[in-house]
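This briefing concerns the model shown below. Please read it alongside the sequence and the coordinates.

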Amino acid sequence: MAFRNPWGWLALLLILPLILLYILKKQHEDMNISSTLLWQQVFRDLQATRPWQRLRTQLLLILQVLAIILFAFSLARPISFSGQGGISYIAIVDTSARMQAVDVRPSRMEAARTALLDLIRRMKTGDVLTIVLADQQPFVLAGPSDDKALLAGYVNEIQPSNGKTDLGSAVQLAQTLLQDQGRDGGQIHVFSDKALSGADSHEELFFHVFAGNGENAAVTHVGYNVSDRNITALSRVANYGTGRNVTLELKVDGSLHNVKEVSLPADEEISVYWPDIPASAREVVVSISEEDDLLLDNTGMAAISDEHKVKVLLTTERNVFLERAVSLRGDIELLKANPGEAPESSDFHLYIYDGGLPALLPETGHIIAFSPSAHEDLGLTAEGEIQPSGVIINPQIQYPSLMQYVEPEGYQIANAVRVNVPEGFTVLLQDRAGSPLLIAGERDGRRMALFSFSLHDSNLPLKADFPILIQNLLNWLVPPGMTFTGQVFAGDPLPLSPFPDATGIIVRSPGGREYSFDAYPPPVFHDTREIGFYEVVQEAGERTYSGGFAVLVPTDEVSDLRTDSQPLEEEGDRVMQTAAYPFQREIWMLAGWALLLLLLTEWWVYHHGI
Amino acid sequence: MGSQMKTFDPDFLSKLERLALQNIRPVRGGTGGSRRSRARGQAIEFSDFREYTPGDDYRRIDWNAYARFERLFIKLYMEEREANVTIFLDTSASMNYGEPGKGILAKKMAAVFAYIALANYDRVGIAAVTDTVIHQHPYFSGKAGYARVLKFLDNLPFEGRTSLNKSIQSFEPLMSRKGISIVLSDFLAEDGYMDAFHYLKYQQQDVAALQILSPEELDPSMSGALRLIDMETNEHVEVEITPRTLSLYKKALNTHMETLRQTCSNLEIALLQVGSDISLEQLVFEKLQQTGMIR
């Protein structure tokens, strides 16, 4: 037996005035009557039954005291742990970074874990429990099982993540599991710091909320700006609580570089600049010195780019439009060569052939070619010419991002080579008759985009969306992410973009753990749970490209501890449970009926004196 | 009150004239009346003497006896003659209770009884009683005396305590002369009424009793914790009015009324128990006739 509202027992204080009413002599109102002759007889009758009268008075008092006790009992919302086994329970544990908050002692997660262990302890014979973790992607941690020790072991292993969670998906998963188990009366219990809105309509869904009105400040963003001689870092610091002063520390490559004390107004976010950071810096970390209810987001960081240049060789007689369109990207190092001229180096990441296609293609690197000649290795044929009538985007296009913001309706092309669509290629642009004008595809890990016409025979360079088309192609062929510098939130997957000549990629987590991938097909790095700097090394023969990225706390999602804490009504009420335990049954209704029965009895005794 | 006494309309009075008080036993004494009697009187044979009282027929004075004893006696014969009707009207304070007041109905009934008696050539005497006889109207006869009755009744106040036993026993004019005594009261007297009834029966009275109780007494609607104060004695009883106590009260009331009924039955006393809210017509022309008090 437990009570969900122990304050209800305060109603017992009503007993005091009740007894006082019995102790105090009643005030009688005067009334003149013709004769007290008969009333004296009544009085004598009452006197004759005085022992019973006294008893009746006491009985009334006892009944009324019992009624108050039942009333207080009902207000205290008693919970019965009785129940029959054989029921399926699914426990969803929210592992978001918010659960690390210590506004509920010892922490939200610890409180949730304790409650879940308590739940397991109270399981009846025949009950089974499945534990689902609501992580970035929900997954089943354990069960269904009735082995309490096993389940408790799993519960003790649950740790909060550093990112956000998708509680809704976890609930959907749990509902599916419950249906699959096919046992009636199943219940889903969510242990979280918030309750999902609209969950009231699901009778099987119960929320156990562990949330306080935590005070928190967070470093929400760290960025930088590289000038000729040094770096200036920008940090954003948000306050999710009352106004206060905080001390900010700046560490550059692990060493303390600067300290600032700033004033944080309530519910505001401020910018703090950190100039004069050496140009050689690779990592900047801004942190709040003072402790608050969530330490995790007190640190923000940024990895500074190594500025690996993407090397592009443009083979052309002269094409200013193309040269400018390609050079728009700052990380591209563009070299030009005349047709037939052999480049000094062969380690370009991208080759652009403005007319024709060499019989012997470079060993590595992606390719853009205009008006290509037939090529046996590629399976490309180029026979005859066509005069395209209108240019349209292939309705069945495979790479829609390449045609984003491109409007080819105004393109005019005088002549084009009639080309086929080699295996692995797809048509991006075509004329109205369906002849390919721009095809793209991959062959042996090498990406290619082939225009079947010369830019000199079209008005394409004069069109406003020409640079857009070229940049779309460049982003596909040599993505900017290849420099590896960037930021990602904890738990979010990071697609790695290898250099064309890379054969393998190694990712080292802040904890020193190494992950190895083949460079192609481009891998996706998933294990971004740990906050901090990740080092990325791409191996390309004897060369290596080094870079890194920072995994950050999604502060927008987790830092405001109060966002979902609104149901808390009283300060100091650190733990609020919005649902009963699965084996609990609120029995205040039962107590209410008993109270009603008692009141009826009291009324009957009062009126009949029996 | 007095105006109420005077507002009996002629129709009502004419109806009353057709009524007569019914005596169970023969009465004796008094001058000639319309009552059949085995008493001695003028028409049949001489029966007895009795001392003269004002109002007696002068012609029946036995002057021989006066000559011998120097006291006035009249001759009594077996004959039809008038009866003495004595109305004992309870005028204690408790009769001034209720809505409508018990005393109002009691006074009206006293007037009715007096009128019926006078209309039948009976002699009527009225005694206002509390714990003693506080006022009394001497016996008189003839319809002309009815106005005096009303005037007498008008001036009667309701005050003092009730003691029918003491007051009726102290009423001297009965003088063992057979007659009819009518007691109008609520009979809520601490010392009861038994001695009074026995006294009246001893005085050879045919007794009729009219118990008048107010609606508040018959079916009290009070509630809460009350200090009930007796209007006559100022004694009080503290009770908490509950359904239980009201039930006990009704039980006590029923017992009281049943005791009165039983007593009257045993003593051959005609009894009528009514509420003060009953209409006069219903009381006179239905209830009284049903009980046989009048015919």
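The points below cover conventions, the confidence of chain B and the surroundings of one strand in chain A.

This is a predicted model, in which local features need pLDDT of at least 70 and side-chain atom pairs count only at pLDDT 80 or more, while totals for chains, interfaces and linings use all residues. Residues are numbered from 1 along each chain as its sequence is written, chains are lettered from A and ligands numbered from 1 in written order, and side-chain values use heavy atoms, without hydrogens and water.

**Confidence in chain B**
- Chain B has an average pLDDT (the predictor's confidence in each residue, from 0 to 100) of 80, and 84% of its residues score at least 70.
- Across residues 24-45 of chain B, pLDDT stays under 50; the model has 87 contacts (heavy atoms within 4.5 Å) beyond four places in sequence for this stretch.
- Where pLDDT is low, the predicted coordinates should not be read in detail.

**Burial of strand S5 in chain A**
- Strands (E, at least two residues) and helices (H or I, at least four) are DSSP runs, numbered from the N terminus.
- Strand S5 (residues 128-134) of chain A is largely enclosed by the rest of the structure, because seven of its seven residues are buried (under 20% relative accessible area, 1.4 Å probe, protein chains only).
- One side of S5(A) carries the buried residues A:Val128, A:Thr130, A:Val132 and A:Ala134, and the other A:Leu129, A:Ile131 and A:Leu133, also buried.

**Pairing of S5(A)**
- Strand S4 (residues 88-94) of chain A runs parallel to S5(A), joined by seven bridges; A:Asp94 has A:Ala134 as its bridge partner.
- S5(A) pairs antiparallel with strand S6 (residues 139-145) of chain A over four bridges, with A:Val132 opposite A:Val140.
- Four residues separate S5(A) and S6(A) in a hairpin.

Definitions and conventions. Buried < 20%, exposed > 50% of the residue type's maximum accessible area, 1.4 Å probe, protein only. Pairing = 2+ DSSP bridges.
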